Amino acid sequence: MLTPPHPFTGRIHTEVRAGMAMEPGEARAERLERLVARAEADGGPYALIDTRVAYLYARCHPFGRPEDALAALAPCLELYRAAPERFGEWHRDRFWESFRRLTLTMLVGPGQRASWLRAVVDDLRSCRRPGHRTDMEDVNLAELLLEWRVGNVAAAEEAIRLILACGPTEGNQWGRVGALAGFLADLGRDAEAIESLEPALTGSVPVREDGDPARFADHLLLPYLRTGRAEEAGALHARTWRGRLTGFRLASHLEFCARTGNEERGREILHRHLEPLADDLGSILRIREYAAAALLCRRLAESGRWDDPWIWPEDNGTAGGDIGGDGETWTYAELHEEFRDDVLSLADHMADSDGTACIRERMGALMDAGPIVAHLPLP
């Protein structure tokens, strides 16, 4: 009896692989889109799967315009729902990676309503690959982002619990454990943040040997400070404040300095990060950075110690974005208003999209926060 040929063969299959081997970008996506049109015209179901999956992957790697990726996803999702058994391993892997990446990107952007995003997350859950344990972690992460976004603390905590319950895996590394602690801290769940991250810091939860605890340990700055462990927070800040910081980490150090009487240290950190903070605030994951920067600038202005205007960028270079520009003159009071306006603008947009003002309330409380410790001496 003759063995039937593998269904993913033929000229289109060869051309799909050639297209996938191209440099990521618009040219690759356009070439694969043309192959989709050919498959629709004269190919069978396997040729359509081959081209559709490759085109979706190209639109998500790198991620460009959301509307292009969404348009590529819809027919691919329809094909998978109709006959998942027709998808080979190569296609399942790239379909999942693209769908996952698209979902997570949309969740942190301001453009879609929470109700629509919830349906997307449900679709993602329905497409999990059999036997792939990390797929459930991806779904739980998507649910965490969604519930954090709309302020459903109990559901966000449950998603974090499910992720941590998966136990040590290749995904259970510093980035994963540290990021979860950051979300818990942002939600005000300080004890839970400490409980989730301290075992990794002490080595009782396995992580890769090349993991760098300094990259994520500072997620505990505010939980330590708010739970009366100020000296530990100060020691942690002293170990982790140097170098380039991003996301919750940058926000944590700026807020820590603003709320412990260490505005001068905070000023140094702020000036080191003015260039990235000059970018447009296009992701809700960065909103806490801008809110913490607004808080620090308010504290600097209120202190009266740094009243003199200053120039940024000092070298008269072009920084881009709305802050700075070509050697503009600034005061901290003006910069506070700039950051505050950016935060409230995005928060109001999110409130209109999601029907909840939770992000505005959380960020407003941060920007208006007072000291926790009048002055904490630093090591």
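**Figure 1. Helix α7 and its surroundings in the predicted model.** In this predicted model, 14 of the 18 residues of α7 are buried, so the helix is largely enclosed by the rest of the structure. Helix α7 covers residues 133-150. At 1.5 Å a residue, a helix of 18 residues should span 26 Å, and the end C-alpha atoms of α7 lie 27 Å apart, which agrees. After α7 comes Gly 151, with a positive phi near 80°.

**Figure 2. Asn 140, a buried residue of helix α7.** Asn 140 is found in helix α7. The relative accessible area of Asn 140 is 2%, and the cut-off for buried is under 20%, so this residue counts as buried. If neighbours within four places in sequence are set aside, Asn 140 touches Ala 159, Leu 162 and Ile 163, in the sense of contact used here. An α-helix has 3.6 residues a turn, so residues three or four places apart point the same way.

**Figure 3. Val 53 in helix α3 and its contacts.** Helix α3, residues 45-60, contains Val 53. Val 53 has a relative accessible area of 0%, so it is buried. Which residues is Val 53 in contact with, leaving aside its neighbours within four places in sequence? They are Cys 76, Phe 87, Trp 90, His 91, Arg 94 and Phe 95. Tyr 80 is 27 residues from Val 53 in sequence, and the C-alpha atoms of Val 53 and Tyr 80 are 9.9 Å apart in space.

**Figure 4. Helix α13, buried along its residues.** All 12 of the 12 residues of α13 are buried, so this helix is largely enclosed by the rest of the structure. The buried residues of α13 include Arg 249, His 253 and Glu 255, as well as Phe 248, Leu 250, Leu 254 and Phe 256. Helix α13 runs over residues 247-258. Its 12 residues, at 1.5 Å a residue, should span 16 Å; the end C-alpha atoms are 17 Å apart, which agrees.

**Figure 5. The largest cavity and its lining.** How many cavities of 30 Å³ or more are there? The count comes to one. The largest cavity holds about 90 Å³ of space. Rolling a probe the size of a water molecule over the atoms shows where empty space is left. Among the lining residues are Gly 182, Asp 186, His 219, Leu 222, Arg 226 and Arg 288. Helices α9 (174-186), α11 (221-226) and α13 each give at least two residues to the lining. The largest share, four residues, comes from α13. Phe 248, Ala 251, Ser 252 and Glu 255 line the cavity, and these residues are also listed among the buried residues of α13. By class, the lining has four nonpolar, three polar and four charged residues.

**Figure 6. Two buried cysteines, Cys 257 and Cys 358.** Cys 257 has a relative accessible area of 0% and is buried. Cys 257 is also one of the buried residues of α13. Cys 358 counts as buried because its relative accessibility is 9%, where the cut-off is under 20%. How many disulfides does a search of the whole structure find? The search finds zero disulfides.

**Figure 7. The protein as a whole.** The protein has 18 helices and two strands. Of the 379 residues in the protein, 50% are buried. Among contacts between residues at least 6 apart in sequence, 65% join residues at least 24 apart.

Terms used:
Residues are numbered from 1 along each chain as its sequence is written. This is a predicted model: local features need pLDDT of at least 70, side-chain atom pairs count only at pLDDT 80 or more; totals for chains, interfaces and linings use all residues. Side-chain values use heavy atoms; hydrogens and water are left out. A disulfide is a pair of cysteine sulfur atoms within 2.5 Å. Buried means under 20% relative accessible area, exposed over 50%, partly exposed in between (1.4 Å probe, protein chains only). The expected span of a helix is 1.5 Å times one less than its number of residues. On a 1 Å grid over the protein atoms alone, a cavity is a set of points where a 1.4 Å probe fits but cannot get out, and a pocket is an open set with protein on both sides within 12 Å along at least five of seven lines; lining residues have an atom within 4 Å of a point. Grid points are joined across faces, edges and corners, and a volume is the space filled by probe spheres set on the points. Ala, Val, Leu, Ile, Met, Phe, Trp, Tyr, Cys and Pro count as nonpolar, Asp, Glu, Lys and Arg as charged, and the others, Gly among them, as polar. Contact means heavy atoms within 4.5 Å.
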